[in-house]
Amino acid sequence: MPQTPQDVLKMIQAENIELIDLKFVDLFGIWQHCTFHRSLIEEDSFTDGVAFDGSSIRGWKAINASDMAMVPDPTTAWMDPFMEVPTLSMICSIKEPRTGEWYDRDPRSLADKALEYLKSTGIGDTVYCGPEPEFFVFDDVRYDQNEHEGYYHVDSTEGLWNSGRVEEGGNLGFKTSYKRGYFPVAPSDTLQNLRSEMLLTMGECGVPIEKHHHEVGTAGQCELGMRFAELIQSADNTLTYKYIIKNVARKYGKTATFMPKPVFNDNGSGMHTHMSIWKDGQPLFFGNNYADLSELALYFIGGLLKHAPAVLAFTNPSLNSYKRLVPGFEAPVNLAYSQGNRSASIRIPITGSNPKAKRIEFRCPDATSNPYLGFSAMLMAGIDGIKNKIHPGEPLDVDIYELSPEELSKIPSTPGSLEGALSALANDHQFLLEGGVFTADFIDNYITYKLDNEVNPIRLRPHPFEFMLYFDA
């Protein structure tokens with residue numbers, strides 16, 4: 001993979017690449033792109049950027065201040081496997097052309113500021129992240145919402161509800177039972193070849209790949225494993241992961257979604273996120289405390305647990321996120337930490353005696369999050385815990401789902417809704433403002449957009465289940 005602007009320009013010339021696709025992420029974690037002829041990409045494009053209109057990007061510029069610049073990162077260059085004409089792809093950060101400053105609502109630039117803030121504290125100089133996004137692959141999806149109807153319909157040949165369907169031209173059985181989709185072989189697992197192509201395509205695009213498998217849920221829930229990377233690269237990899245999965249699924253006549261809870265009464269899709277801090281090439285989370293954690297790691301956990309309700313506004317930023325974060329499924333709702341315990345919101349993986357492998361796993365996030373914002377919010381909460389020596393208290397080494405209501409009442413829990421998380425963010429965000437990483441303008445704009453475009457609109461619309469409950473009132 002290229003590493004410098006000169007490497008990219010040489011590659012364009014040597015391979016006679018005529019089109020360069022520049023991608024950047026919007027406020028809500030969705031890639032945007034524009035494709036340029038190679039004559040517009042020069043060496044100064046990697047410092048000054050390439051001009052575009054930012055007024056139509058959600059939550060960004062007003063039309064009277066819309067000129068912006070995409071600055072490509074040469075280390076992110078890969079050939080896009082889904083374009084018929086050979087096209088080089090690069091991921092960009094966004095600059096203000098008037099000032100030459102990085103745009104303070106650009107999530108990728110914000111993540112870079114979070115790393116600079118970490119360095120300025122002297123705590124560490126590198127953050128490794130290992131996200132684990134899950135997703136569903138469906139054969140059919142239909143939905144609508146208007147003045148007189150609202151519905152959704154998802155379907156998969158793997159879905160247990162199709163065990164009696166005759167439209168398949170002879171039902172072959174082997175449907176996946178609810179909550180029994182973890183690791184079955186074919187013919188129950190119908191998606192092996194699809195996932196293999198997804199994984200290998202990711203590798204071709206520079207994402208460090210590990211494995212793939214069927215996940216717990218019926219109806220085609222899956223996960224592909226990618227290796228950890230430094231924070232910004234890991235966020236880049238997460239968006240590349242989603243892009244490849246959606247497009248390979250489409251190639252097979254299927255559709256993939258990272259929606260946290262598309263299927264009622266079965267497991268949802270999360271994005272468990274591993275994180276550790278290093279300094280001068282040495283890991284800082286290994287020590288001689290509980291679960292072989294250092295004191296610094298315990299303080300990091302303390303900060304993350306304290307600020308988790310506010311952090312969830314970024315790591316679990318959708319209304320649907322809180323359909324997954326309910327008791328009784330694998331997603332944890334109780335703010336506790338424990339070694340090797342998947343019922344705690346922070347799990348300490350059992351990694352043996354290797355200091356480099358020691359990390360924490362935050363199990364709340366899902367892949368509707370913008371990874372640059374989610375990872376940065378987690379880091380800022382952890383830094384606050386370290387700076388203020390916030391100890392997380394005693395670990396909870398029990399199956400939390402088996403505790404009595406009285407015992408559960410003593411354990412803090414995640415917000416029950418997006419509105420609750422946004423309220424927590426409004427009341428607890430000073431830790432995010434440190435070092436100018438997040439700004440008050442960014443947080444106010446984010447909360448306002450979410451309330452106006454997600455929380456309040458759903459209040460106005462009847463839910464289909466309400467008809468089942470109340471139509472005969």
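Start by selecting Arg58: with 36% relative accessibility, this residue counts as partly exposed. Keep in mind while you click around that the model is predicted. Now add Asp26 to the selection, because Arg58 has a partner there: the two form a salt bridge, and their closest N and O atoms are 3.1 Å apart. Arg58 sits in the loop between β3 and β4 (67-72), while Asp26 sits in the loop between β1 (19-25) and β2, so this pair ties together parts that are 32 residues apart in sequence. Is Asp26 buried or exposed? At 2% relative accessibility, Asp26 counts as buried.

How many salt bridges does the structure hold? There are 18 of them, so let's visit a few others.

**Along a helix**

Hop over to helix α2, residues 107-121, and pick Lys119 and Glu116. They are three residues apart, about one turn of the helix. A salt bridge joins Lys119 to Glu116, with 3.6 Å between the closest N and O atoms. Try a surface view here: Lys119 is partly exposed at 41% relative accessibility, and Glu116 is partly exposed too, with a relative accessible area of 43%.

**From strand to loop**

Next, select Asp155 and Arg165. This salt bridge has its closest N and O atoms 2.9 Å apart. Asp155 belongs to strand β9 and Arg165 to the loop between β9 and α3, so the pair ties together parts that are 10 residues apart in sequence. Asp155 counts as buried, at 12% relative accessibility, whereas Arg165 counts as partly exposed, at 22%.

Before leaving the salt bridges, select Asp21, Lys23 and Asp80. Bridges that share partners join these three residues into one network.

**Following the loop between β9 and α3**

Go back to the loop where you found Arg165. It runs between β9 (150-155) and α3 (192-204), and Lys175 is in it. Lys175 counts as buried, because its relative accessibility is 13% and the cut-off for buried is under 20%. What does Lys175 touch, leaving aside residues up to four places away in sequence? Show Thr157, Glu158, Gly159, Leu160, Asn162, Ser163 and Glu168, and you have its contacts.

Stay in this loop and select Phe183. Have a look at its backbone: phi is near 70 degrees, a positive value in a residue other than glycine. Phe183 also counts as exposed, at 52% relative accessibility.

Now find Pro187, in the loop between β9 and α3 as well. Zoom in on the peptide bond leading to Pro187 from Ala186: this bond is cis, with omega near 10 degrees. Why stop for these two backbone details? Most residues other than glycine have a negative phi, and most peptide bonds are trans.

For another backbone stop, jump to Asn265, in the loop between β13 (255-257) and β14 (271-279). Asn265 is not a glycine, yet its phi is positive, at about 70 degrees. With a relative accessible area of 47%, Asn265 is partly exposed.

**Two patches on the surface**

Switch on the surface and color it by residue type. Which residues form a nonpolar patch there? Select Val141, Tyr143, Tyr152 and Phe264; together they have about 540 Å² of accessible area. Val141 is in strand β8, residues 140-145, and counts as partly exposed at 35% relative accessibility.

For a patch of another kind, select Glu42, Glu43, Asp44 and Asp48, which gather into an area of negative charge on the surface. Take Glu43 as your anchor: its place is in the loop between β2 (31-37) and β3 (50-53). At 45% relative accessibility, Glu43 counts as partly exposed.

**Last stop**

Finish with Gln6, in helix α1, residues 5-14. Gln6 is partly exposed, with a relative accessible area of 33%. Add Phe46 and draw a line between the two C-alpha atoms: the separation is 9.8 Å, for residues that are 40 apart along the chain.

Notes
Residues numbered from 1 in each chain as written. Predicted model: local features only at pLDDT ≥ 70, side-chain atom pairs only at ≥ 80, totals over all residues. Heavy atoms only, no water. Helix = DSSP H or I, 4+ residues; strand = E, 2+ residues; numbered from the N terminus. Buried < 20%, exposed > 50% of the residue type's maximum accessible area, 1.4 Å probe, protein only. Contact = heavy atoms within 4.5 Å. Patch = residues over 30% accessible without salt bridge, like charges linked within 9 Å, V, L, I, M, F, W, Y side chains within 5 Å. Areas by Shrake-Rupley, 256 points an atom, 1.4 Å probe, with all protein chains shown as cover. Salt bridge = Lys/Arg side-chain N within 4 Å of Asp/Glu carboxyl O. Lys, Arg positive; Asp, Glu negative; His and termini not counted. Charge placed at Lys NZ, Arg CZ, Asp CG, Glu CD.
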